[in-house]
Amino acid sequence: MDLVLILGVLAAFFVVIGFGQPLADRLRLPFTVLLAMLGILIGFGAGWALRTEVTDTLDPVARSILDFPVSSQVFLYVFLPTLLFQVALMLNLRRMLDDWVPILVMAVVAVVVATFFIGGALWPLAGQPLLVCLLVGAIVATTDPSAVVGIFRDIGAPRRLSRLVEGESLLNDAAAIALFVLFAGLLLPGAQEPGVTVLLGTFATQLGLGAVAGFVVARIAVAAMDPLGGHRMAQASISIALPYVTFIVAEQVLQVSGVVAVVAAGMTLALNAPARMPPQHWGFLRDIWEALAHWAGALIFLFAAILVPRLLDGVTWEDVGLVAVVVAAALAARAVILYGLLPLLGLMRLSPPISGGYRFVILWGGLRGAVTLALALAVTESRTVPPDAQRLVAVLATGFTLFTLLVQGTTLRWVIRWLGIDRLPRIEAALQHQVVAVALQTVREEVAETARRHDLPREIVRSEAKSFAERLDRAVSEAEKAQEILDRDRLTLGLVTLAGRERELILEGFRDRIISAWLVERMLSDAARLIERTRAGGRGAYRSTARANIAYGRSFAMARWLHRWLRISRPMAALVGARFEVLLTTRMILRDLGDFVDTKILRIHGRRVTDLLHEVLSRRADEVDREISGLRLQYPGFAEQLERAFLRRLALRLEEREIEISHDDGLIGADLFNSLMRDMRQRRAAMQTRPTLDLSLQKREMVARFPLFAGLSPRQQRRLARSLVTIYAEPGEVLLQRGEPVRAVFFIASGAVERDIAGHTRQIGSGEMFGEIALLAGHRNRRGRVRAITHCTLLRLDEARFLKLCQRLPELRAAVIASASAQGQDAGSVIARIEGQAEAATGAAPATGPTRHDDAPEAESPTATAREPEPPRETGDEPTADTAADHAAAQPPATEDEPTEPERQAASR
């Protein structure tokens, strides 16, 4: 075909796309449905122009349209990776993880169910083998969510619902194409039909290996983008190459699912790239992909719709009946998932509750689109599929797609209006009137001030004020009818507004480079979760979700296990550092929210609701401050490093703004401006590294600050630090239970604990210890209990090392004697016990006892622990008297002090 004709046809298609979107809005039709209609009209019109004898003038144009070089390979290798990659890039992946169970069910399970429902319904009627019928089922099982998602956004449907539909479509394309490839391969001459187990295994392997391939290729692309930090076009170019390279490598080299690989690549880039490029560059990259996906989606609908007349050539009434069978089977399969499986998942709290209206909209909105037509076209182009099977697949897939687009697509908005889910709830409608009234009052005041400042003619001001006052009076009248809203509902709406404002502040902080790149995605996901749960559950849900947002996540359990058993501290240090930064940033945002309540929400909801909002914010701020204080006690110095980094980022952003203003005002030239900006980029890149939290260093610092260990040399302190096990405790956490034998001593590095013995309580704090008296009393079971009353950092030392330290350190021995004397024991007997038990402890390994020795700030029951091997001595160390403390290395510690007989007598008195 002539290149000029190809370019002319493409230009004409872009004109159709340009005018199609506003036309679809005017006709209240989904854009994709209108494009499909226009494509079908263009296809029929071109065919008529070639057959008619009226004129031959349009024959070259018609032939260029019908013979346009587009095939199934173009659909699958050019358009499909673009669409899938863009959707994966734009999805909120952290929020999708909250709903991964229903998304997988609707994507993978629903595709499998639809494939077998449709194949089973066709098999007795179509006169074709079961494999051909299943191939038809796999082709029509995939859905196009664009129409439903667009309508959901227009009517303000819950975001979680739109996320479910988008996630379903993203993954069901992969599942449907994997099944299509599987069944198409079985139709090859000489192919043997495997069992169901082999089919499922092959299907799962295709998906799993495809995901791995996409992840690996995307990580390579992210690494390639790192050196291109100052060149946004270069980074965008790498991102454009990524989906195509991924698809080709997966399909042609590795023989796995290219669709899954592209989706995994998009998700990987979305999770890793924002932290490695400036916010403006990431926004630019997303804008490019949004435009590419818009054009690719529109072109694929036009090209596919133009092929409809060719695919439906020679259709009969028998074919129409088979299309009706496919429609009924597809709707039945989707209904089984929506009305059978999803409610069951909801009862198990694995899926969000979906109302009956929204469920029916998802059922009726399961439109099919270009992917279905592209797969049908691929079958018609295959030489290994029999001609009668090719015709059946083409007719049924095309007919079913037309039904979903022309019947379901055009009636979808009518169904939504009939169900009434496009109407605002009563409370939000009443609030809308109040917001409009307050906004108009503010506008009137500002307009009056502007007219006065510019000295406008009074006649004009009066005339405009009169017309504006009529509108204001109507708004106030409507707002007065809304006074019946309960304060509880107003409070819920106010909290939702606060959560939305919190999200905006996070974005502003990210754009101003105050909030670090690696933190913004997590905080935005937390804010979205806060909005959704508050809308559903009110104040209680707001408080519980806000508390969960600053707590340790599920990944912390694994990090704690690695640190506790394998001594791998980096994952836990990274999670603790991230939580620290989240807390500091949240505290900054909460202070800004207080001003927002007084300036914006007060005029809408009134003083009482405003006071309640201030109370909720105050409690949340107290919780954040308490967590920050606890972490400061546990990790001294780390908070200071984070706060310094925050101030440095703020100062750099302000400096950058001043330089940009000077450049815009012409005070500095382009060369100087570019030089200054290069210097700033280098300084900002150096600031992007989060301060390192070294848990072992923290423990050495705590040992050095302990007055009881002041008599040890730095080398001995380091060796002692390796012997100590750090325990982090939350307020209210029970550290030692009654009845537990004591096998260790605990030193309080920070915080305070409460000891309860026989109803008598005593609080002990930083620099003190507990467990020493019970240990010296012969390991008898405790009759008391110890619990943390603040955030605590405890250092636990086992019996043998403790007794050696008592002999070595006069300060420690004096503290033990003083504690014993305070509890009514004789000092001489205590000294004798120290010397006697030290000799016994050196000759026999102490028995294990209940203890907990994780370095994590989470509650955990005491557990039994075995003796750890003694580490090798440093080169040059000899076992002298001066190194008695050096041997305090390598055994796990134990628990709390138990009252001796004199102590129990004193307590009873």
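This passage describes salt bridges, a helix pair and several individual residues in a predicted model.

Side chains of opposite charge can pair when their charged atoms come close. In the present model, 15 salt bridges are found. One of the salt bridges joins Asp 319 to Arg 391, and its closest N and O atoms are 2.5 Å apart. These partners belong to distant parts of the chain, since Asp 319 is located in helix 15 (residues 317–347) and Arg 391 in helix 18 (residues 387–419), with their positions 72 residues apart in the sequence. The surroundings of the two partners can be described by their relative accessibility. Asp 319 has a value of 5% and counts as buried, because the cut-off for a buried residue is under 20%. Arg 391, with a relative accessibility of 33%, counts as partly exposed.

A second salt bridge is formed by the side chains of Arg 547 and Glu 623, with an N to O distance of 3.3 Å. Arg 547 is part of helix 22 (residues 517–549), whereas Glu 623 is part of helix 25 (residues 607–634), so that this pair ties together parts of the chain that are 76 residues apart in sequence. Arg 547 is partly exposed, its relative accessible area being 38%, while Glu 623, with a relative accessible area of 15%, is buried.

A salt bridge within a single helix is provided by Arg 683 and Asp 679, whose side chains meet at 3.2 Å, N to O. Both residues are located in helix 27 (residues 670–687), where they are four residues apart, a spacing of about one turn of the helix. Arg 683 has a relative accessibility of 31% and counts as partly exposed, and Asp 679, with a relative accessible area of 35%, is partly exposed as well. Elsewhere, Arg 501, Glu 504 and Glu 508 are joined into one network by salt bridges that share partners.

The packing of helices is considered next. Two packed helices are described by the angle between their axes and the distance between the axes. For helix 4 (residues 72–90) and helix 13 (residues 279–306), the axes come within 9 Å and cross at roughly 140°. The two helices, helix 4 and helix 13, are therefore oblique to each other, and their crossing is left-handed. The residues that make up the contact of helix 4 with helix 13 comprise 16 nonpolar, three polar and two charged residues.

Helix 13 also contains Arg 286, which counts as partly exposed at 27% relative accessibility. Although Arg 286 and Met 90 are 196 residues apart along the chain, their C-alpha atoms are separated by 7.5 Å. A shorter separation in sequence is seen for Ala 573 and Ala 559, which are 14 residues apart along the chain and 8.6 Å apart in space, taken from C-alpha to C-alpha. Ala 573 is located in helix 24 (residues 570–605) and, with a relative accessibility of 11%, counts as buried.

Two residues of one loop may be described together. Gln 255 is found in the loop between helix 11 (232–253) and helix 12 (258–272), and Ser 257 also lies in the loop between helix 11 and helix 12. The phi angle of Gln 255 is near 60°, which is a positive value in a residue other than glycine. Gln 255 counts as exposed, at 52% relative accessibility, whereas Ser 257, at 4% relative accessibility, counts as buried. From the loop, the side chain of Ser 257 reaches the backbone nitrogen of Val 260 at 3.2 Å.

Finally, helix 22, to which Arg 547 belongs, also holds Arg 529. Arg 529 is buried, with a relative accessible area of 12%, and its side chain makes a polar contact with the side chain of Asp 526 at 2.9 Å.

Definitions and conventions:
Residues are numbered from 1 along each chain as its sequence is written. This is a predicted model: local features need pLDDT of at least 70, side-chain atom pairs count only at pLDDT 80 or more; totals for chains, interfaces and linings use all residues. Side-chain values use heavy atoms; hydrogens and water are left out. A salt bridge is a side-chain nitrogen of Lys or Arg within 4 Å of a carboxyl oxygen of Asp or Glu. Buried means under 20% relative accessible area, exposed over 50%, partly exposed in between (1.4 Å probe, protein chains only). Axes are lines fitted to C-alpha atoms, for helices over the stretch in contact, and angles run from 0 to 180 degrees between N-to-C directions. Angles under 35 degrees count as roughly parallel, over 145 as roughly antiparallel, 65 to 115 as roughly perpendicular and the rest as oblique. A crossing is left-handed if the near helix is turned anticlockwise from the far one by less than a right angle, and right-handed if clockwise. Ala, Val, Leu, Ile, Met, Phe, Trp, Tyr, Cys and Pro count as nonpolar, Asp, Glu, Lys and Arg as charged, and the others, Gly among them, as polar. A polar contact is a pair of N or O atoms within 3.5 Å; within protein, one must be able to donate a hydrogen and the other to accept it, and residues adjacent in sequence count only if both atoms are side-chain atoms.
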